[in-house]
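User: Hi! I have just opened my first protein–DNA model and would like some help reading it. Could we go through it step by step?

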There are 2 protein chains.
Amino acid sequence: MTRFVSDSDSVRRQNRGLVLSALRVHGPLSRTVLASQTGLSHASMTAITQDLLAQHIVTELAETPNSDAKTRGRPAVRMGFNRTAAYAALFEIEVSRARLSLVDYGGTLVDRIDLPLAPTLFATIAPGEFLRERIEYLRTRNPLEAKTLRRIAISVQGILDRDGRSLKWSPIAHLAGTPFADSLADAFDLPVTLYKRGRLLAEGTRWLNPDLHDASVATVFVGSTVAMGMTFPGEILGRGSEGTTEFGHMNHTPNGALCRCGMRGCIEAYASDYGVLRTAYSVPETTTPAPSVPPQQYDDLIQRAEAGDRSATHAFNIAGRAIGFGLSRMMAVFDPSHILIVGPGARSFELMRTEIETALAGALVCRVNGLPAIVAHRDEKEPIFRGLMMKALNEIDQAEFAALPTSSRGTERSAG
Amino acid sequence: MTRFVSDSDSVRRQNRGLVLSALRVHGPLSRTVLASQTGLSHASMTAITQDLLAQHIVTELAETPNSDAKTRGRPAVRMGFNRTAAYAALFEIEVSRARLSLVDYGGTLVDRIDLPLAPTLFATIAPGEFLRERIEYLRTRNPLEAKTLRRIAISVQGILDRDGRSLKWSPIAHLAGTPFADSLADAFDLPVTLYKRGRLLAEGTRWLNPDLHDASVATVFVGSTVAMGMTFPGEILGRGSEGTTEFGHMNHTPNGALCRCGMRGCIEAYASDYGVLRTAYSVPETTTPAPSVPPQQYDDLIQRAEAGDRSATHAFNIAGRAIGFGLSRMMAVFDPSHILIVGPGARSFELMRTEIETALAGALVCRVNGLPAIVAHRDEKEPIFRGLMMKALNEIDQAEFAALPTSSRGTERSAG
DNA sequence: GCATTATTTTCAATGCTCGAAAAAACAATT
DNA sequence: AATTGTTTTTTCGAGCATTGAAAATAATGC
């Protein structure tokens, strides 16, 4: 069932959620602005903010005695998140590194731990155990915040099962198949959620780039892997597995180059760092890819190609072709208005551009709707973190705080 | 904005919609069953059905004096749609034929007109004009029903614009670019909605096959074209353009066989009737496809292949390969639990099965999640009609009848 | 005719929203 | 210093849809 009975409870949840959502998107707002943004009446706005204040979810901002913009009338009091209302622990797990961050309800970083990840690590210690220890450490280092820790959110790479409770496959060694999310949930008695990295990248990029809010966007990561997330117009944050793809492992050429995943002909096998290097150095396509490539080596190749080196430019042409046909094929199913190329490979975008656009031009959807706008952004770390944090905080907003019952307004109503 | 303010109005709309939806899915139900199906209380059920009865949207069924199943207690009175509450005109436009049906609110066919469509027709007469005349004719032939005609729904082939108001491209000659939906809406002052045929096929198949309700399904049409629609678990009917694809025009082979759409290497160019015939008769891939293929010719080829004819089986292998790799590539974006092959080409499914499954087995998603269940269904006309009808009736349910205000219950409340 | 049983309705309470009017808080003017 | 104007925020009563519990209804079985 997707649709449920609606009653006064769901009305309250919906409208409180609307208010928290508006604050999440726009930052601190006055009641009047909040009313017009959400579409609620001023009367309801008063009632809702009174509740949120009483429950210490938001606070009235002590406005700076800002003399530069004096306006007439009663001054607006802006409401902002009470940063101590909740905390979230955010884990970003990648192939060779991990990072654990503690953020407050307002979205400010409180503490952070960086962890290198040896490929053999999870063969030695159970992932759940390892993560539990790190979070425990973070909690002892921040005892005050630990008390109101409300959620653990984890960014992972690979294929999640339908419930999103564990990985069915992952490029991160020895991680798939272990029930680390559930063991963390048990250990800390907190909700734990897994998110696919490529999808967080897409949603995070949009948070950092509000123009993309009314667009449909395919955000492609190009680097040590190839991944893609989709975002749809209007929706602030997709629910469930919406927007996740296995783009990097879409077939490009039947029986083609060997991919790290073990299959043959994946886009990643041509367009990721190891794929491009393999082509450039004429290593046979069926050679098993190394677990990781030194960033320096990849950068050097880009520089060589930019300088005009034949085998290097050829390799990027092949990569662009793979990405281009992949996008062209994806567009038969999802037709975005914008395509973003993000990650280390974005630096080589101009080297791939012609091949990508040529491939796209061969798609009927593109002939009919025109080419989508294609833009490259270098940095991927910031949007991934932002996406993960926004997911976690939004979950607290909607699933926990919006659902809270009224703090018994109007106690002395008995008289009449 | 996707989310809106919730108030008592939206509560009523939601819950009335829930009731109408339950009746649409399960047929006539008693108030008690309706209450447990929707999750609403018996008290609310009484209120809602009273309104629906007063507004002549549903009627109490005069139960047949069914003596075989005597039960104790007050007998349940089942509620069913009032068939005269509304009527919908349904147009199915295809490349060489069109069909106009008049259905009542209960889903019963009232009248139907079949129309052959010459390829030059819409060059002679504006599509909007042609459709208007046919509907006008249907209305004069059914004057009583014409009075409560509430909606016109049209099944088309091709690419719709983002609002779904017109076709940006269509295999139906001279149809794209004409604002026939809007001119019909003006002429009759009624809502007119366009739906993509491949998507209706997917949704209609699910209405006829309730097992598929909790599954994610890719429904592939194989015949004079190749098309695909997606349905998602739980959702009764997808909204907007959800579930539409251009699967038939997904690229299979760069610079490959010429497709009817003018592009090269589309799946359709290999797997549709003209594609298979072209391969079987070794016609060059770059030969312009005929506008349509006699069904007999296609059937003959299937029979020859079934009999073991080499060039015929080869052609179906090529077709299966195109469909298989298309599905494998689609699964990087949408990963269904079931794949349905529907249409004339479904008869040749066994000839394509090995190639399809081999291609799917090469996808990482399939290695991880297992192969989806693949089933063939011959008939496509019934599910398309059913899908179109259900779309139209569901729109009347939700957008019109669920949104109706209360018929002022409890007039004499002033006393107290 | 009366007990039993399942369905449906009635009733009072609850909780949310909303429009209109009032109150509050400040700037500008007299 | 008091008054007026402006904008924000709160208060108040009305309206509406939901709900649980109790009552009414309509049949069967004995």
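Here is a short conversation about this predicted model.

User: Let's begin with confidence. What is the mean pLDDT of chain A, and which residues stay under 50?

Analyst: Good place to start, since this is a predicted model. In chain A, 96% of the residues reach a pLDDT of 70 or more, and the mean is 93. There is a stretch to treat separately, for which the model has three contacts beyond four places in sequence. The residues of chain A where pLDDT stays under 50 are 409-416.

User: Now the DNA. Which element gives the largest share of the surface near DNA strand D?

Analyst: Altogether 31 residues surround DNA strand D, and the closest are A:Gly73, A:Arg74, B:Ala43, B:Ser44 and B:Arg74. Two or more residues each come from α2 (31-38) and α3 (42-54) of chain A, and from α1 (8-26) and α3 (42-54) of chain B. The largest share is five residues, and the element giving it is α3(B).

User: And for DNA strand C, which element gives the largest share?

Analyst: Around DNA strand C there are 32 residues, the closest being A:Ala43, A:Arg74, B:Ala43, B:Gly73 and B:Arg74. Here the elements that give two or more residues are α1 (8-26) and α3 of chain A, with α2 (31-38) and α3 of chain B. Five residues make up the largest share, and they come from α3(A).

User: How many residues of the surface near DNA strand C are charged?

Analyst: Let's sort them by class. Nonpolar residues number 10 and polar ones 14. That leaves the charged class, which has eight.

User: I also see a sheet in chain A. Why is one side of β12 and of β14 left without a neighbour?

Analyst: Look at the order of the four strands in this open, mixed sheet, which is β12-β11-β13-β14. β12 (226-231) and β14 (373-377) stand at the edges, so one side of each has no neighbour in the sheet. The reason is that each of them has a single partner strand.

User: In that sheet, which residue stands opposite A:Ala218?

Analyst: We need the pairing of β11 (residues 217-222) with β13 (residues 338-342) of chain A, which is parallel and runs over five bridges. The residue opposite A:Ala218 lies in β13(A), and it is A:Ile339.

User: Which helix packs on this sheet?

Analyst: Search for a helix of chain A that touches β11, β12, β13 and β14. Its direction makes about 50 degrees with that of β12(A). The helix, residues 197-207, is α8.

User: How do α12 and α13 of chain A cross, left-handed or right-handed?

Analyst: Helix α12 (residues 310-330) and helix α13 (residues 349-361) of chain A pack with their axes 7 Å apart, at an angle of about 35 degrees. Their contact includes A:Phe316 and A:Ile323 from α12(A), and A:Leu351 and A:Ile356 from α13(A). By class, the contact has 10 nonpolar, six polar and three charged residues. The crossing is right-handed.

User: Last one: where chain B touches chain A, how many residues of chain B are nonpolar?

Analyst: The contact takes 44 residues from chain B and 44 from chain A. On the chain B side, α1, β9 (167-169), α12 (310-330) and α14 (364-369) each supply at least two residues. That side has 14 polar and eight charged residues, while the nonpolar ones number 22.

Note on methods. Residues are numbered from 1 along each chain as its sequence is written. Chains are lettered from A and ligands numbered from 1 in the order in which they are written. This is a predicted model: local features need pLDDT of at least 70, side-chain atom pairs count only at pLDDT 80 or more; totals for chains, interfaces and linings use all residues. A residue is near a molecule or strand if its C-beta atom, placed from the backbone, lies within 6 Å of it. Two strands pair if DSSP finds at least two bridges between them. Two residues are in contact if their C-beta atoms, placed from the backbone, lie within 7 Å. Axes are lines fitted to C-alpha atoms, for helices over the stretch in contact, and angles run from 0 to 180 degrees between N-to-C directions. Ala, Val, Leu, Ile, Met, Phe, Trp, Tyr, Cys and Pro count as nonpolar, Asp, Glu, Lys and Arg as charged, and the others, Gly among them, as polar. pLDDT is the predictor's confidence in each residue, from 0 to 100. A crossing is left-handed if the near helix is turned anticlockwise from the far one by less than a right angle, and right-handed if clockwise.
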